[in-house]
Each structure stands twice: as C-alpha cells, then as structure tokens.
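Subject: Structure handover

Hello,

Here is the structure I said I would pass on. Please open it and keep it in view while you read the notes below.

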Amino acid sequence: MPTGPLALRAALLSLLLFAVFVAIWHFATLPMGGWAAMDPEYAKLMGPGATHGKSAMPTPLDVGAAIVGHLEDPFFDRGPNTKGIGIQLAYSIGRVLIGFILAVIVGVPLGFLIGMSPLMHRALDPFVQVLKPISPLAWMPLALYSIKDSALSSIFVIFICAVWPLLINTAFGVASVRREWLNVAHTLEVGLLRRCFAVILPAAAPTILTGMRISVGVAWLVIVAAEMLVGGTGIGYFVWNEWNNLSLSNVITAILLIGAVGMALDQALAWGGRLVSYAE
Amino acid sequence: MKRLISVQGLAKSFAHRRGATDPIPVFEHVWFNVHEGEFVCLIGHSGCGKTTILNVLAGIETASAGVVLIDEREIAGPSLDRAVIFQSHALLPWFSVEQNIAFAVRSRWPKARRDEVRRRVQRAVDLVHLTGAEKKRPSELSGGMKQRVGIARALAIEPRILLMDEPFSALDALTRGSLQDEAARLCSETNQTVFMITHDVDEAILLADRILLMSNGPRAQIAEIVVNSLPRPRHRYDLHRHIRYYPLRNHIIEFLIERSQPVRDVLPADPRHPPVVCPGDIVIPALSNLEIVQ
C-alpha cells in the first residue's frame with residue numbers, strides 16, 4: 001500500500017485512472033479485421049475505415065499528435081477557415097470577457113439597488129423570475145435582428161446569460177448584510193456612498209464573487225453554442241467546422257482545451273473570492 | 001446637574017399578528033431622565049424591551065409613542081453625539097482593529113488629516129489596553145478583546161452620551177469582571193454620561209449611579225428607580241464588604257424575582273414619577289455595630 005501525503009496518493013490515483021481510460025480508449029479504437037478484398041480504386045475512395053477495419057474514432061495517439069500539432073503553432077492565420085486554435089480560443093475568451101464585464105457593470109449596481117430597496121426588490125422580481133430561466137440562445141434571433149452584427153450578438157448573448165447570477169447573488173449579498181454592521185454605520189452617521197463602499201460592498205463581496213464565478217462558468221458554456229450558431233470565429237465555430245471536416249481528433253482537442261480554459265477562468269475567480277473573503 | 005436625556009412617555013408595539021386590532025405594547029409610559037455625567041443602568045428581564053429603548057435612544061429604531069429629548073431637543077435619528085457599544089461588538093471583520101476605530105474617527109471628523117486620525121486611533125487603542133494588536137483582524141481576537149475594540153471605537157468619537165447594550169453579557173465571567181473594572185475606571189475618569197442595559201445586578205451596582213428597574217412585558221414600565229449611593233471609586237474585590245451593598249443587591253434581586261411580574265398594582269400610579277428608593281440608606285444601629293465587630 002502506498003503511504004505518504006494524501007495529495008501525492010490522490011495524484012497517483014488520478015494518473016492511474018487516466019492510464020486506464022487511455023488504455024480502454026486505445027483498445028476500443030484498434031483496427032479490426034484484415035484487408036478487405038476490393039478493387040483498389042474503390043478502396044482508395046472508401047479510405048482506411050473500410051479497407052483496414054479502422055475505427056472512425058481517433059486513437060489516443062492520433063489525438064495526442066493533433067494536440068501537439070495545435071500547440072506547436074496555435075496562432076497561425078491562413079484565411080477565414082484556417083486559423084490556429086489559439087486564435088479561435090482568444091476570440092471566444094475575448095467575447096466571454098466583454099460580455100461578462102458588461103454584465104458586471106449592469107448586474108452589480110442593479111443588484112445593489114434590489115438588495116437595498118425592498119420596493120425595487122418587489123417591483124423587479126417578476127421580471128427577473130421570468131427572464132432568468134430563458135435559454136440565452138433563444139435571444140439570438142432577436143439580437144441578430146436588432147444588432148445586425150453576429151459578433152456583437154454573441155457578446156449580447158453572453159451578457160444576458162451572465163447577468164442573472166450576478167444580479168441575484170449581488171442582491172442576496174447586499175440584502176443579507178448583517179443588521180449590526182449597518183447599525184454601526186447608521187449610528188456613525190455614515191453617508192450613503194461611504195456606507196455602500198466601506199460596509200455593504202466588503203460585506204457582500206464574497207457572495208458577489210460567487211455570483212461572478214457562476215456567471216463566468218455559464219458564459220463559457222454558452223459561448224461554444226453561440227459560436228456554433230453564429231459561425232465565423234471562435235472555439236465553438238472551430239468545433240463545428242472540424243465536425244464538418246469529420247476531423248474528430250481536432251474536435252477532441254478543442255473539447256479538452258475548452259475544459260482547460262473553463263477551469264482556468266473558474267480558478268481565477270475562486271482566487272479573487274479568497275482575496276475578498278473575511279473570517280467573522 | 002443638567003438634564004441631558006429626557007425620555008417621555010415612550011411606548012413600542014409590534015403589529016406582528018395580521019388583523020390584531022390594537023397590538024399590545026411591549027413597553028409603555030416609559031419616563032426617565034439621565035443627567036450630565038451620570039451612569040444610569042436599566043435592568044429588566046428578557047423581553048421587556050430594554051434593547052428597543054436603547055435603540056430608540058441611539059436613533060436606529062423608532063418608538064410607537066413618546067419622545068426622547070437630548071439637551072431639550074427631540075432627537076430624529078442617530079447622531080455622532082451618541083455612541084453605541086453593541087452587545088455583539090459589531091466590528092467590521094474585513095477591517096483591522098485600527099481600521100475599525102479609524103472608520104469611526106473619520107465619520108466624526110471627516111476633514112481630519114491622516115496623522116490626526118492615527119493619533120486619535122492610537123489614543124483609543126491605548127485607552128483600552130490593546131496596544132500591539134492594532135493590525136489584527138477581529139477574528140484573531142478573543143471575545144474580551146473584541147469588546148475592548150468596540151469600547152475604543154465608541155470612545156474614540158468623544159460622544160456626549162455612551163449607550164451600552166449588555167456590553168459584557170457575551171463574555172466569560174473573568175473577562176467580564178476585568179472589563180467591568182475598566183469601564184468603571186474609564187467612565188469615572190472622563191465623567192462620561194452613560195446609559196447601559198444589563199441583566200447583571202452586580203454589574204449595575206458596580207457601575208451605576210441610578211438603576212432603573214423595569215417590570216416584565218408586555219406593557220412593561222419603569223417600576224422603580226434605585227439610587228446607588230455606594231461611594232466611588234468602586235472595586236469588584238471589596239464592594240461587597242460595604243454595609244449598604246447587600247441591602248441594595250437584595251432589593252434589586254427581590255424586585256427581579258418577585259415584583260417584576262406584570263401585576264398592575266406593583267406599578268407606580270404615576271409612570272412619570274416612579275418611586276425612588278435608596279436601599280440601605282436607613283441604617284439600623286445594630287447592623288452598623290455588626291460591621292464594626294467584623
């Protein structure tokens with residue numbers, strides 16, 4: 001039995017699980033059957049799938065080679081449909097960040113208003129309740145028609161899906177600031193702005209950061225679908241384009257990179273959350 | 001002595017039940033005064049509205065009826081002249097000790113220069129013997145130290161009136177004792193006007209000049225005003241040896257146990273002038289002889 005620190009053992013187990021997964025994958029995609037007897041002209045047309053019994057699903061080695069190929073030159077640009085995966089990811093990250101920042105600009109102040117005013121809370125609650133469960137992609141036709149720009153429309157879709165978690169978490173965080181902290185500010189005759197920035201914002205910051213983390217996660221989920229729909233650039237478009245090329249190696253590479261970037265975004269906001277957290 | 005606070009006919013009712021035609025007030029006809037430099041304690045059982053009275057004085061709650069005059073002017077909301085020491089210390093956890101105090105100092109003197117703020121903060125920190133802990137967060141402090149910061153924050157703004165809401169009740173007995181001693185020292189040194197809520201009889205006897213006894217709610221009132229004429233400076237370690245200590249203490253305890261029940265006939269006929277008593281002032285000669293023998 002391996003001894004040692006828990007983290008090391010967990011890492012070893014992770015590696016083992018990964019190895020088992022890759023092995024199963026490898027054996028599942030091994031070529032089956034021998035040479036099929038057919039006219040060489042016809043065999044050439046059919047490709048190795050028919051002639052060698054090779055699976056259409058790429059083997060781990062194929063995918064590994066594809067990943068290395070993409071990472072060796074991620075930023076090439078040879079025309080509209082031939083861009084490096086780094087460029088495609090950068091487009092997607094850029095859209096997510098712009099949409100997310102717009103959502104912060106709108107959602108946090110509006111959340112403050114809802115959290116601080118019971119009147120606004122009640123007045124805006126029906127709108128929030130109806131708009132929140134709408135799939136952001138359902139806004140796409142409306143956005144395309146009114147904005148008349150596909151890139152801006154996808155940013156709008158990101159904005160609309162990112163704004164709700166921010167709005168709701170900010171409102172909740174602001175509304176549940178401890179009564180006694182507000183009383184301290186009140187007895188010290190602290191003005192509205194100073195109360196917002198010195199008391200309510202720090203008190204609600206951990207909840208707001210949680211909202212941001214949820215928002216960025218949802219935005220990163222939605223951008224892939226939005227770009228598949230809108231096309232042109234972005235990792236979502238890349239996935240759909242490679243599906244049309246029937247290059248599953250490239251699709252799997254893109255899937256792994258989407259996961260890695262999503263994790264990085266999440267960790268960045270988790271780190272931000274730790275910065276503003278406080279112990280009572 | 002000048003009358004600083006005048007509470008006149010204060011009442012509070014909470015309309016919590018829907019359809020209740022006239023909600024029963026928690027307390028009503030509460031009349032009392034606090035003079036400049038005086039330390040007044042309000043004692044009563046839980047639920048008689050003590051904290052509400054203090055919050056009305058602080059300006060963070062409104063009464064259903066009655067007014068509070070400070071310097072003969074009706075109060076409207078909170079004021080920096082009235083500092084509150086909260087039961088739960090209410091420190092802002094994202095600020096360090098000195099930032100918590102500086103927050104209050106900057107509220108009081110918004111135009112103060114940085115070095116003046118720092119000077120006032122340091123003085124308040126030194127006053128409550130927290131020197132060296134300025135950079136710590138509240139979560140790194142013990143309960144007693146947190147409440148010291150609460151006291152420093154309140155005193156740093158040099159309030160005319162200090163309002164204390166059971167400030168020591170959340171502390172363990174040893175910490176409570178030493179903080180009570182310090183509160184006694186601070187208040188007598190600065191001649192601070194204090195209104196304090198407590199349910200600790202010994203704390204009231206140690207600190208207060210007058211002790212307001214409140215009957216139980218609902219319809220709680222000030223049932224009696226006890227004058228505490230024990231000489232100052234008072235110390236916890238020898239206060240109980242004074243001949244008037246036990247008559248005073250027994251009188252209050254007897255009130256809390258037996259007479260605070262909501263029986264109408266124990267309440268004063270005129271709530272504006274509750275009976276004023278000085279237990280132990282009438283000294284029986286035999287008893288004083290007894291003290292000499294001891």
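Two strands count as paired when DSSP finds at least two bridges between them. That is the sense in which pairing is used below. One more point before the notes: this is a predicted model.

Chain B, the seven-stranded sheet

One sheet of chain B is open and has seven strands in the order 6-7-8-3-9-10-11, with mixed pairing. Its edge strands are strand 6 (82–85) and strand 11 (276–277) of chain B, each of which pairs on one side only.

Inside this sheet, strand 3 (residues 39–43) and strand 8 (residues 193–198) of chain B run parallel and are joined by five bridges. Which residue of strand 8 of chain B is the bridge partner of Cys41(B)? The partner is Met196(B).

Strand 9 (residues 210–214) of chain B is joined to strand 10 of chain B by five bridges as well, but these two run antiparallel. Here Ile211(B) stands opposite Val226(B), which belongs to strand 10 of chain B. Strand 10 of chain B also has two bridges to strand 11 of chain B, and that pair runs parallel. In this pair, Ile225(B) has Val276(B) of strand 11 of chain B as its bridge partner. Strand 10 (residues 222–227) of chain B is mostly covered, with five of its six residues buried.

A general point helps when you look at any of these strands. In a regular strand the side chains alternate between the two faces of the sheet.

Chain B, the four-stranded sheet

Another open sheet of chain B has four strands in the order 2-1-4-5, and its pairing is antiparallel. Why do strand 2 (27–35) and strand 5 (73–74) of chain B each have one side without a neighbour in the sheet? Both stand at the edges with a single partner strand, so one side of each is left free of a neighbour there.

Strand 1 (residues 3–12) and strand 4 (residues 65–70) of chain B pair in the antiparallel sense over five bridges. Ala11(B) stands opposite Ala65(B), a residue of strand 4 of chain B.

Chain A

Chain A has 12 helices and zero strands. How far does chain A depart from a compact globule of 280 residues? Such a globule would have a radius of gyration near 19 Å, whereas chain A has 25 Å. The C-alpha trace of chain A spans about 90 × 60 × 35 Å along its principal axes.

Of the 280 residues in chain A, 41% count as buried. The area that chain A exposes is about 15,900 Å², and 73% of it is supplied by carbon and sulfur atoms. Among contacts in chain A between residues at least 6 apart in sequence, 69% join residues at least 24 apart. As for charge, chain A has 15 positive and 14 negative side chains, and the centres of the two sets lie 11 Å apart.

One residue to look up is Ile87(A), in helix 5 (residues 85–116) of chain A. Is Ile87(A) buried or exposed? Ile87(A) is buried, because its relative accessible area is 16% and the cut-off for buried is under 20%. Leaving aside neighbours within four places in sequence, Ile87(A) is in contact with Pro74(A), Phe75(A), Phe76(A) and Asp77(A). The last of these, Asp77(A), is 10 residues away along the chain, and its C-alpha atom is 7.9 Å from that of Ile87(A).

Regards

How values were computed
Residues numbered from 1 in each chain as written. Chains lettered and ligands numbered in written order. Predicted model: local features only at pLDDT ≥ 70, side-chain atom pairs only at ≥ 80, totals over all residues. Heavy atoms only, no water. Rg over C-alpha atoms; globule rule 2.2 N^0.38 Å. Buried < 20%, exposed > 50% of the residue type's maximum accessible area, 1.4 Å probe, protein only. Contact = heavy atoms within 4.5 Å. Areas by Shrake-Rupley, 256 points an atom, 1.4 Å probe, with all protein chains shown as cover. Lys, Arg positive; Asp, Glu negative; His and termini not counted. Charge placed at Lys NZ, Arg CZ, Asp CG, Glu CD.
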